[in-house]
Structures are given as structure tokens and as C-alpha cells.
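Q: I am new to this structure and would love a close look at one part of it, the nonpolar core. Could you walk me through what it is made of and how it sits in the chain as a whole?

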Amino acid sequence: MTAYKALDVQNVAKNFGGVRALTDVTLAMAPGERLVLLGPNGAGKTTLFHSISGNIIASAGRISLFGQDITQLAPDARARLGLARTFQITNLFRQLTVFQNLQLAVCGAQQVTFKFIRPMTQYADVRERAEALLAEWNLVDVADTIVQNLSYGEQRQIEVVMALAGNPKILLLGEPTSGLSPAETHRVAAMVRALPRDMTILMIEHDMDVAFEIADRIAVMHQGRIIAEGDEATIRGNKQVSDIYLGVE
């Protein structure tokens, strides 16, 4: 029997009024694969991410997660099936501590219902999971630091850890190295490489060197379509990709 696909995007299109943002996008990922989406601004990468995560609903086509059709499902329903994501702009509670952010992420992943008369200290399982994440990703020293006092690179790392709170099967990473210094980029890339190999990762990236460092396979988007797909040698040798990145018409 043929193994099912972790993610299967078939002929997906998305229209915004008279503007077509995605055209006939087909993309499949095997369980545990790392696939990086490259492409210039406006290529359709974020729209494709939104379509997969459920932030927007595709105008046409089909999206499946581990063999289950999720095309019309809401984001929370997709999350319950094992899908998690980060965004291009950090999506943190900046006035709270790192530990509090992780606790909230765990609550969301475990669908914890708060009772205002019950103190947070009584949610032992939530606290234990948040503490485990702190230890696993070497964040114990910054546990009580207010997020807005962290560097931008540290905030990006915290956001990735928050996405891991529910032990997702598929993780969508939206430009995790965007706006980072070379040193911060190196740390975040190392963090992504350290993620469990049984976790399927789809990542948007703007830096080709980072993409080649992380990816098992790369797909390049341009004007709402996937124009090239393959390993590093295939992408580097593709003239259309080179023309797009070098600005050749």
C-alpha cells in the first residue's frame, strides 16, 4: 500500500475579487519532509500558507492532511488534526513573560477552558508542559523575562517554541529568519534543523542560503504559481529561478 501524504495540495487557486493570487498550485509532502517555499514578494507564498492553515479558504482545489480533506475546515479544526504555524510578523503577547506566553500556547493546544476563580497555578499539566518546553529549548534563563525586552531573534525563537506546544505533526513556518541579523539567523536555522525528524515542516524563506541549509526539497513560487521544484542543484541550475532573483526579464 502506498504511504499517505502528510500534506497534499491539489490544483489550489485563490481569488481576491478580480485578482488571482494562486493559480493551480499542486504540492505534496511526505511525512517528516522539510520543504521550503522560495519566491519574491507577491509570489503567493503567504496566500498558500493561509489556505493551508485555514486563515483563508481556497477558491478552488483540494487540501488534505494525512489523507483527510481539510479544504473547508476552520483553523482550529486543522490545528486539532496536528497542524501548527507561525507568522511572518511575531504573534506574541509582548507584555507577558516568556513562561506566560508558553502557558497560553499550551492552553490553546490542549483546549483548556479557563475559570476566572481558579488560579493559573492549579493547572498543573499546563505548567508542566510549559516548563518542559523551557528546558527542552534552553529558555529557563529567560522564563521570567517580559517578551518585549527580548531581541527580535529571541522573539522569533519563542514563537517557534509556542507553535510546538501541542506536538504538531505538521509545522508551517512563516519566514522565521525575516529581519534577523546573521547571528540570529544562524541560531533560528539551527533551531529548525533540531526539530524532530518525524515532524513535517513547510517553511517560507527569503534567504536562499538558509533554504538550502534546511530543506530536503525546495519549491519556488512566482506570480501565484509553482515554477520550479527539486533539490539544491535543480533550483540553482534553473534559469527561470535565476532570472527572477536577479531581476532579468
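A: Happy to! A word to start with: a residue counts as buried when its relative accessible area is under 20%. In this predicted model, buried residues make up 49% of the 249 residues in the protein chain.

Now to the core itself. The largest nonpolar core has 45 residues. Those with the most contacts inside this core are Leu102, Leu171, Ile201, Met203 and Ile218. Helix α3, which covers residues 98-110, gives the core its largest share, 6 residues. Leu102 is a nice place to zoom in: leaving aside residues up to four places away in sequence, Leu102 touches Ala130, Leu133, Leu134, Val161 and Met162. There is also another core, apart from the largest one, with 25 residues, among them Ala6, Leu7, Leu27 and Leu48. As a general point, nonpolar side chains in soluble globular proteins tend to be buried together.

Stepping back, here is the setting. The protein chain has 9 helices and 10 strands. Of the contacts between residues at least 6 apart in sequence, 68% join residues at least 24 apart. The radius of gyration is 19 Å, which agrees with the value near 18 Å for a compact globule of 249 residues. Along the principal axes, the C-alpha atoms fill a box of roughly 60 × 40 × 40 Å.

On the outside, the protein chain exposes about 12200 Å², and carbon and sulfur atoms supply 51% of that area.

Terms used:
Residues numbered from 1 in each chain as written. Predicted model: local features only at pLDDT ≥ 70, side-chain atom pairs only at ≥ 80, totals over all residues. Heavy atoms only, no water. Helix = DSSP H or I, 4+ residues; strand = E, 2+ residues; numbered from the N terminus. Rg over C-alpha atoms; globule rule 2.2 N^0.38 Å. Buried < 20%, exposed > 50% of the residue type's maximum accessible area, 1.4 Å probe, protein only. Contact = heavy atoms within 4.5 Å. Areas by Shrake-Rupley, 256 points an atom, 1.4 Å probe, with all protein chains shown as cover. Core = buried A, V, L, I, M, F, W, Y, C linked by side-chain atoms within 4.5 Å.
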